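Biologist: I am new to this structure and would like to get to know one part of it well. Could you pick a single spot, look at it closely, and then show me how the rest fits around it?

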Amino acid sequence: MAEYKGDPVVVIGLGRFGTSLALELTRRGTEVLAIDNRPKITQSLAGQITQIATADATDMEALRQLGVPDFYQAVVAVGGDIEASILTTSLLVELEINDIWAKAISTQHGRILSRIGAHHVVFPEHDMGERVAHLVSGRMLDYMQVDENFALAKTAPPKEYVGVPLGRSNLRRKYGVTIVAVKPRGEEFTYATAETELSYGDVVLVSGTTEQIDRFSELP
């Protein structure tokens, strides 16, 4: 019998975002109930997700029959049909689901979802586009927005800081960023200290505001 971790999650809508989310949660050991109204989609994912059902999530009775009120967390991953997204979210609010995440495809859509009671609104297409834009436009190897104007990035060290102990580099005063960890070539990441000296071939994990990180990643 499988051992599940954390609270079970219901994922409603199995487009690319919902499917990816449901599969990743299942892989991590979370019990998932996935719901979509398209039989071909649910049949194609049978056996890959803990539970999967073909149902209309805008129907309160269908949600009750599937046991959705018993779930602590729910994700409304319906994107293309804004009306269905809003109605499904409102039904989850009515069912008093404790933690509701909802996917939005526009700012206005997200604002409505928040107003009707979604606890978290996510913009996966926008967020991914923003992340890729940072990667394409600079030397970053990876980028993650942590807050509205704060991010973490993986990048190569600028040549002016190679061979200089971080404690004497004036990096934070000059660029406002902090090097959190360093990964020498062929090794694992370790936390950076004042004595850490960067080398060519290193990968650094740097934190700061979006503007500061963009500026830092553009240094030669």
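Modeller: Happy to! One term comes up at once: two residues are in contact when they have heavy atoms within 4.5 Å of each other. Please keep in mind that this is a predicted model.

Let's settle on Thr-155. You will find Thr-155 in strand 8, which covers residues 150-155. Is Thr-155 buried or exposed? Buried means under 20% relative accessible area, and Thr-155 has 1%, so it counts as buried. Its partners come from several stretches of the chain. Not counting residues up to four places away in sequence, Thr-155 touches Arg-139, Met-140 and Leu-141, then Asp-202, Val-203, Val-204 and Val-206, and finally Phe-216 and Ser-217.

Follow one of those partners, Met-140, and you come to another buried residue. Met-140 is in contact with Thr-155 and also with Ile-213. Ile-213 is part of helix 8, residues 210-217, and with a relative accessibility of 1% it counts as buried. Beyond the residues within four places in sequence, the contacts of Ile-213 include Ala-151, Leu-152 and Ala-153. Val-177, Val-206, Ser-207 and Gly-208 belong to that set of contacts too. Val-206 is therefore a second meeting point, as it touches both Thr-155 and Ile-213. The sequence alone would not show you how the chain folds back here: Ile-213 and Phe-150 are 63 residues apart along the chain, yet 8.9 Å lie between their C-alpha atoms.

Now step past the end of strand 8. Pro-157 sits in the loop between strand 8 and helix 7, and at 8% relative accessibility it is buried. Leaving out neighbours within four places, Pro-157 is in contact with Val-162, Leu-198, Ser-199, Asp-202 and Val-204. Two of these names are familiar: Asp-202 and Val-204 are also on the list for Thr-155. For a contrast in distance, take Pro-157 and Asp-99, which are 58 residues apart in sequence and have C-alpha atoms separated by 40 Å.

That same loop also holds Asn-170. Asn-170 is not a glycine, yet it has a positive phi of about 60 degrees. Its relative accessible area is 41%, so it counts as partly exposed. Asn-170 also helps to line the second largest pocket, together with Leu-166, Gly-167, Ser-169, Leu-171, Arg-172, Val-177, Thr-178, Ile-179, Ala-192, Thr-193 and Ala-194. Val-177, you may recall, is one of the contacts of Ile-213. About 190 Å³ of space lies in this pocket, and helix 7 (171-175) and strand 9 (178-183) each supply at least two residues of its lining. By class, that lining has six nonpolar, five polar and one charged residues.

Time to zoom out. The chain is divided into domain 1 (9-122) and domain 2 (139-218), with 38 Å between the domain centres, taken over C-alpha atoms. Where does the largest pocket lie with respect to the two domains? Both domains give residues to its lining, so it lies between them. The volume of this largest pocket is about 1,300 Å³. It is lined by 41 residues, and the closest to its centre are Phe-17, Lys-103, Val-122, Pro-124 and Glu-125. Helix 6 gives the most to the lining, with seven residues. In terms of class, this lining has 18 nonpolar, ten polar and 13 charged residues.

As for the whole chain, it has eight helices and eleven strands. Its C-alpha trace spans about 65 × 45 × 30 Å along the principal axes. The radius of gyration is 22 Å, whereas a compact globule of 220 residues would have one near 17 Å. Among those 220 residues, 38% count as buried, Thr-155 being one of them. And if we take contacts with a separation of 6 or more, 52% of them join residues 24 or more positions apart.

Terms used: Residues numbered from 1 in each chain as written. Predicted model: local features only at pLDDT ≥ 70, side-chain atom pairs only at ≥ 80, totals over all residues. Heavy atoms only, no water. 1 Å grid on protein atoms, 1.4 Å probe; cavity = no way out; pocket = protein on both sides within 12 Å on 5 of 7 lines; lining within 4 Å. Points joined across faces, edges and corners; volume = space filled by probe spheres on them. Helix = DSSP H or I, 4+ residues; strand = E, 2+ residues; numbered from the N terminus. Nonpolar A, V, L, I, M, F, W, Y, C, P; charged D, E, K, R; others polar. Domains from an automatic or database assignment. Rg over C-alpha atoms; globule rule 2.2 N^0.38 Å. Buried < 20%, exposed > 50% of the residue type's maximum accessible area, 1.4 Å probe, protein only.
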